[in-house]
Amino acid sequence: MHKVIFDTDPGIDDAMALLFLHRHPDVDLIGVTTVFGNAPLDITTRNALFLKQQWGMTAPVAKGAGVTFDPSRPEGHWPTFIHGEDGLGNIGVPEEIDLPLDPRPAHHFIIDTVKENPGEVTLIAVGRMTNLALALREDPDFAALVKNVVIMGGAFDINGNVSPAAEANIHGDPEAADLVFTAPWRVTVVGLDVTTRTVMTAKFMDEMAKEGGAPVQLLSDLSQFYIEFYTQRTGDGMVVHDACACVYLTNPELFQTRSGAVRVVCGGIADGQTIQKPDGVGFPPGNWDGHPSQLVCTDIEPERVLSVIRSAV
Ligand code: BDR
Ligand code: CA
């Protein structure tokens, strides 16, 4: 059984990933932590509570960071054209959800929960890495107690999606991401190199909703806005970024990885670019030396990943 804390900015593809973790028989979802990204923090947190209520989830929800790790960074824009004004495809999520939040800020919740379950917890982060970075700053030693970190973010051998260089989750808080990649824990990075190849058609979603009943019907309803956006770009359907990171947890055999230290460009025209120095490739001494090797996903079996998602939800 995989014990998971899910750090997220729901977000439509985040919602799919959350339902996957909630329904997968080998996953014990022990906490959900929220971060700004696809919408402002109050909205992503409200959305996490809404999904918890609709899907009858028991995992506590803790509210996290609403601004970047370096608070002097200018505020970014909200991608309402991808996720809708309400972050969930404009389905009309109520303003207030009558469910309590965990009283702790997300980074305290993460540290406490990891310490209560030493060596057992996988952190899956699919938004800005701000909460993880705040936890590392507060208690650097807790990293050694984390089993694994899996993140959706970055673009290594292809262009980004907010600039030619950078992917949204990293670009939204580059300093946080650089701290996460260089911390003494094992990170697997599921980036655009593989997620953009994992495209779910509207027909696939419809069929999944018919099989999965009300919870998947809700997922399908809130995904329509996102499907429309991505179908115009891919011609085929929606890119299921965040759920790919969750499938990596349960089915790593569906991915190829490359090992090496990862750094993030912080500032300048390539702000938020992720760059890996593959192990075994010689360079003069530089910024990648002395940092842990992390795993970057370079290949994926998209059809099998989609069928894993379908079976779980
Ligand atoms: C990432 O950015 C967000 O829009 C998605 O939820 C995903 O986590 C893709 O770049
Ligand atoms: Ca996300």
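## A well-covered helix

In α7, the buried residues are Pro174, Ala176, Ala177, Asp178, Leu179, Val180 and Phe181. (Buried means 20 or more other C-beta atoms within 10 Å of a residue's own, with C-beta atoms placed from the backbone; helices are DSSP runs of H or I with at least four residues, strands are E runs of at least two, and both are numbered from the N terminus.) That makes seven of the nine residues in α7, which spans 174–182. Among the elements covering them are α5 (130–138), α6, β6 (187–190), β9 (255–264) and β11 (294–300).

This is a predicted model, where local features need pLDDT of at least 70, side-chain atom pairs count only at pLDDT 80 or more, and totals for chains, interfaces and linings use all residues. Residues are numbered from 1 along each chain as its sequence is written, while chains are lettered from A and ligands numbered from 1 in the order written.

## The nonpolar core

The largest nonpolar core (buried Ala, Val, Leu, Ile, Met, Phe, Trp, Tyr and Cys joined through C-beta atoms within 7 Å) has 98 residues, and Cys244 and Ala245 touch the most other members. Helix α1 gives the largest share, eight residues.

Leaving out residues up to four places away in sequence, Ala245 touches Ala17, Ile124, Val126, Val150, Ile151, Met152 and Val190; contact here means C-beta atoms within 7 Å.

## Around ligand 1

Which residues come nearest to ligand 1? Of the 15 around the ligand, they are Gly11, Asp13, Val126, Ala168 and His241; being around it takes a C-beta atom within 6 Å. Elements giving two or more residues to this shell are α1 (12–23), α6 (168–171) and α11 (241–250).

Key: A residue is buried if 20 or more other C-beta atoms lie within 10 Å of its own, exposed if 12 or fewer, and partly exposed in between; C-beta atoms are placed from the backbone. Two residues are in contact if their C-beta atoms, placed from the backbone, lie within 7 Å.
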